[in-house]
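Let's take a walk through this one together, starting at a pocket and ending at a couple of loops. Have the model open and turn it as we go.

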Amino acid sequence: VFTLIGQGVAVKPQVKLALLLDRAEASFQTAQYEEAIRFSQEAITLARSLGQAEEVARAYGQIGATYRAMGQRDQAVEHLRLALDQFPGGEIPVKAIGLLLELARVQQDVDPVAALETYRRAAEAARRAEDDAQLALTLNYLGRLYHAQGQPQPALEAWKEAISLFEGQGDYRRLATLLCDVGNVLKEQGDRKQALGYYEQALMALNHVNHPPTRGLVLSNVANIYTDTGDTETAEAFYQESITIARDSNDAAAESLRLGNLGWFYVVTGRLQEAVTILEAALAISRRLENRLMQAVQSDNLAQAYRQMEDYPAALTLHRQALTLVEQAGQQRWQAVFHSNLGETLARQGQYDEAQAHYESALAAGRADGDMELVTRTLWRLGDLARETGAAAASDAYYAEAINLARRLGLQRDLAHALLGQGMLLVSQGETDQARQLFSEAARLFTILHAPERRQAEASLRVLGEKN
């Protein structure tokens, strides 16, 4: 058609405008960015001559999206604002809600507060228009930004409303992904029981979805929670299938993430050589992708594998590399997790003062962020440290708080560690009957979780039996 126009064939201006806009979008989709901008600029000139404000806005929006794809954020924001300026009085029609979403996605990298306000404007416009599809999408993005900003409660509120909307529309692909996002936040808060419910709803949603990447994402998330509940056979099968899906989809980032998760699974179930092999494979990919956060998490998990193998120099090197990487990535939550993990390795080597400092840093961050899983884990680790250094009263207080939290939140692995530690403290105080009960419960929990620490709990029971 454009060839014919170039040869002088007459085309109605409105038809030409539609063609210019479609050609700009097609050029954008095929990464021909200069052409996308050129056709959009031609469309703006023609649309203005025709008095078509919405089409002017659409063309400016296309230029903004193109600059965003090119990494030119300032230019993207400028053109998206020009697009929105075409609607006087700030009344955004339903067709233009996508412009607000595009602007918010650019803003969230440099000005999250402005991005939140833009998402709220988009949500209000969608509510006024009674457009559930746009509202669900907007709430989904809004929740992600809240979560990224360390505001889990507003994130959950936005996401829970979006869930009902996606379900009402039958958009099961987005529904399954969002159910996993909610499960992840609840898991971070230590609410394993509720998290499991959302993950299992995501599994149910897969019955309506024929989209392998979504299936892989859900299986990987569900595998994580099944690892924590002791269903290790299903967890490993889900990890393996999710990795296969990532490879078949040529999604290197997903492959690295899921290999890392499988490596962590091998660490907590005591399959340490397999853990090292898998985590090194994951690290090779994340380094190639220059993904600092994945490198950091995988390095720290590898450190924990080496700690269990009693190769403390290798573990310490990897812990410190992980902390450096996560600081560069600006991920404070993971930074706190790594401080706690590094503290345990230092404590194993008898470097108690430095371990204490890392634990206290992690505990303060966990309490401030409401990360009760991190708080619980760090408490029993502080209990172990206090026991080793002869501070019995402090040790008992740490264990008591950890046990209370772990029981309330359903953190079986942390509960087992805290029970084992308190049992050892009681043995040192001559309270063998109470200690026996704690060792017995710890051994049972470690057995359910297929955790290698089961042997330590059983050995402690045998020692008490011999003393009797």
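Start with helix α4, which gives the most to the lining of the second largest pocket, with 8 residues. Keep in mind that you are looking at a predicted model. The pocket itself holds about 640 Å³ of space. Its lining counts 27 residues, and those closest to the centre are Arg-58, Gly-61, Lys-95, Gly-98 and Leu-99. Besides α4 (53–69), the helices α2 (13–29), α6 (97–107) and α8 (132–148) each put at least two residues into the lining. What mix of classes does that lining have? Sorted by class, there are 14 nonpolar, 6 polar and 7 charged residues.

Stay with Arg-58 for a moment, since we just met it at the pocket. The side chain of Arg-58 pairs with that of Asp-22 in a salt bridge, at 3.2 Å from N to O. That pair ties together distant parts of the chain, with Asp-22 in helix α2 and Arg-58 in helix α4, 36 residues apart. Are these two partners buried or exposed? Neither extreme fits: Asp-22 is partly exposed because its relative accessibility is 44%, and Arg-58 is partly exposed too, at 36%.

While you're around α2, look just before it. Val-9 sits in the loop between α1 (2–6) and α2. Together with Val-11 and Val-15, Val-9 makes a nonpolar surface patch of about 190 Å². Val-9 counts as partly exposed because its relative accessibility is 41%.

Now back to salt bridges, of which the whole model has 29. Jump along the chain to Arg-192 and Glu-373, whose side chains meet at 3.0 Å, N to O. Here the link again spans distant parts of the chain: Arg-192 belongs to helix α11 (residues 192–205) and Glu-373 to helix α20 (residues 372–388), 181 residues apart. Where the Asp-22 and Arg-58 pair has partly exposed partners, Arg-192 and Glu-373 are both buried.

Follow α20 along and you reach another salt bridge, this one between Asp-384 and Arg-387, at 3.1 Å from N to O. This pair is local: both residues lie in helix α20, 3 residues apart, or about one turn of the helix. Arg-387 has a relative accessible area of 18%, so it counts as buried, the cut-off being under 20%. Elsewhere, shared partners join salt bridges into one network made of Lys-187, Arg-192, Asp-228, Glu-373, Arg-377 and Asp-414. Arg-192 and Glu-373, the buried pair from above, are both members.

Last stop: the backbone. Most residues other than glycine have a negative phi, which makes the next two worth a look. Glu-310 has a phi near 65 degrees, a positive value in a residue that isn't glycine. You'll find Glu-310 in the loop between α16 (292–308) and α17 (312–329). With a relative accessible area of 59%, Glu-310 is exposed, because the cut-off is over 50%.

His-450 also has a positive phi, near 55 degrees, and is likewise not a glycine. Its place is the loop between α23 (432–448) and α24 (454–467). Is His-450 buried, exposed or partly exposed? At 43% relative accessible area, His-450 is partly exposed.

Technical notes. Residues numbered from 1 in each chain as written. Predicted model: local features only at pLDDT ≥ 70, side-chain atom pairs only at ≥ 80, totals over all residues. Heavy atoms only, no water. Helix = DSSP H or I, 4+ residues; strand = E, 2+ residues; numbered from the N terminus. Buried < 20%, exposed > 50% of the residue type's maximum accessible area, 1.4 Å probe, protein only. 1 Å grid on protein atoms, 1.4 Å probe; cavity = no way out; pocket = protein on both sides within 12 Å on 5 of 7 lines; lining within 4 Å. Points joined across faces, edges and corners; volume = space filled by probe spheres on them. Nonpolar A, V, L, I, M, F, W, Y, C, P; charged D, E, K, R; others polar. Patch = residues over 30% accessible without salt bridge, like charges linked within 9 Å, V, L, I, M, F, W, Y side chains within 5 Å. Areas by Shrake-Rupley, 256 points an atom, 1.4 Å probe, with all protein chains shown as cover. Salt bridge = Lys/Arg side-chain N within 4 Å of Asp/Glu carboxyl O.
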